[in-house]
Amino acid sequence: HLVCKLWSQLLGELHLLYQGSPCVFSTAAQQRSTGDECGPEDPHDEPKHPLSDCAIKHKAIKLEEQVRDLTERYRKALADSENVRRRTQKFVEDAKLFGIQSFCRDLVEVADILEKTAESAAEEAEPSNPNPTLKKIYEGLSLIEAKLQSVFAKHGLQKMNPVGGKYDPYDHEIVCHVPAEGMQPGTIALVTQDGYKLHGRTIRHALVGVAVESQE
């Protein structure tokens, strides 16, 4: 609004500048038409001389410079406003995506416990063990674990599967080194704790063992 007001003011000045001073001539003409010839004309009533062409041109140049300056400042203000809008929009989107990040960190620990419990139940529910109760417990835990991972995936929470891949310090944390038996040195040979990503952002590093060349 301020820019528009200044712009209108400058245009008004330009208009008046090129119009000259017609009001003075019209006043003098009106006095002559009234037939008042009783005395000499007052020298103060004589029309003022309009601005010279040089002064008008100089004034116009100054006004044009002001217009260009205001236009440039207006464009910069628009660009800054657009940048602020984009940053704000990105901040809001990130807040929506990663607002549950701390909750997910706690929830994956529950998933760890459930996974270890299911593995223990699987070992106890082997075919050599005829106990049907353990078998049902194992089946129930497996269903819960599968459902939990499905819910994780629905909300953008994914478990990493780094075995056989290259070590990445942004996703993995080395806890041990193992001999590279049939594996390329520098690749991940085992995982001691699963890592998780939320919408592509690592929220928990995977604890891994990296293959190294055996020293003879």
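A residue counts as buried when its relative accessible area is under 20%. Phe152, at 3% relative accessibility, therefore falls in that class. The tour returns to Phe152 several times; the model it is taken from is a predicted one.

**Whole chain**

Start with the cartoon of the full protein. Five helices and six strands make up its secondary structure. Along the sequence the pattern is α-α-α-α-α-β-β-β-β-β-β. Of the 216 residues, 21% count as buried. Among contacts between residues at least 6 apart in sequence, 65% join residues at least 24 apart.

**Helix H5**

Select residues 132-154, which form helix H5. The 23 residues of H5 should span 33 Å at 1.5 Å a residue, and the end C-alpha atoms are 33 Å apart, so the two values agree. Now show the side chains of Leu141, Glu145, Leu148 and Phe152, which are buried in H5. The cover over the buried residues of H5 includes H4, strand E1 (157-159) and E4. Move just past the end of H5 to Gly156, where phi is positive, at about 85 degrees.

**The aromatic pair**

Keep Phe152 on display and add Tyr196. A search of the whole structure finds one aromatic pair. Phe152 and Tyr196 are its members, in an edge-to-face arrangement with 6.0 Å centre to centre and 90 degrees between the planes. The pair links distant parts of the chain, with Phe152 in helix H5, Tyr196 in strand E4, and the two positions 44 residues apart. Is Tyr196 buried or exposed? Its relative accessible area is 1%, so Tyr196 is buried.

Next, select what surrounds Phe152. Leaving aside neighbours within four places in sequence, Phe152 is in contact with Leu107, Val108, Ala111, Leu157 and Tyr196.

**The nonpolar cores**

Which residues touch the most other members of the largest nonpolar core? They are Phe152, Leu157, Tyr196, Leu198 and Ile203, in a core of 14 residues. Two or more residues of this core come from each of H4, helix H5 (132-154) and strand E4 (196-198). H4 gives the most, with six residues. Apart from this core lies another, of five residues, including Met160, Ile188, Ala206 and Val208.

In soluble globular proteins, nonpolar side chains tend to be buried together.

**The antiparallel sheet**

Select strands E1, E4 and E5. They form an open sheet of three strands in the order E1-E4-E5, with antiparallel pairing. E1 and strand E5 (201-204) stand at the edges, each with a single partner strand, so one side of each has no neighbour in the sheet. On average, neighbouring strands of this sheet are turned by 35 degrees against each other, direction ignored. Three bridges join E4 and E5 in the antiparallel sense. To find one position in this pairing, pick Leu198, which stands opposite Arg201 in E5.

Add H4 to the view: H4 packs on the sheet, touching E1, E4 and E5, and its direction makes about 55 degrees with that of E5. Then bring back H5, which lies across E1 and E4 and runs at about 125 degrees to E1.

**Asp112 in H4**

Within helix H4 (residues 101-124), select Asp112. With 13% relative accessibility, Asp112 counts as buried because the cut-off is under 20%. Which residues does Asp112 contact, leaving aside its neighbours within four places in sequence? The contacts are Gln193 and Arg204.

**The mixed sheet**

Last, select strands E2, E6 and E3. The three make an open sheet in the order E2-E6-E3, with mixed pairing. Strand E2 (172-179) and strand E3 (188-193) are the edge strands, each with a single partner strand, so one side of each is left without a neighbour in the sheet. Neighbouring strands here are turned by 30 degrees against each other on average, direction ignored. E2 and strand E6 (residues 206-212) run parallel and are joined by seven bridges. For an example, select His177, whose bridge partner in E6 is Val210.

Definitions and conventions
Residues numbered from 1 in each chain as written. Predicted model: local features only at pLDDT ≥ 70, side-chain atom pairs only at ≥ 80, totals over all residues. Heavy atoms only, no water. Pairing = 2+ DSSP bridges. Helix = DSSP H or I, 4+ residues; strand = E, 2+ residues; numbered from the N terminus. Axes fitted to C-alpha atoms, helices over the stretch in contact; angles between N-to-C directions. Buried < 20%, exposed > 50% of the residue type's maximum accessible area, 1.4 Å probe, protein only. Contact = heavy atoms within 4.5 Å. Core = buried A, V, L, I, M, F, W, Y, C linked by side-chain atoms within 4.5 Å. Expected span 1.5 Å × (residues − 1). Phe/Tyr/Trp six-rings, centres within 6.5 Å; stacked < 30°, edge-to-face > 60°.
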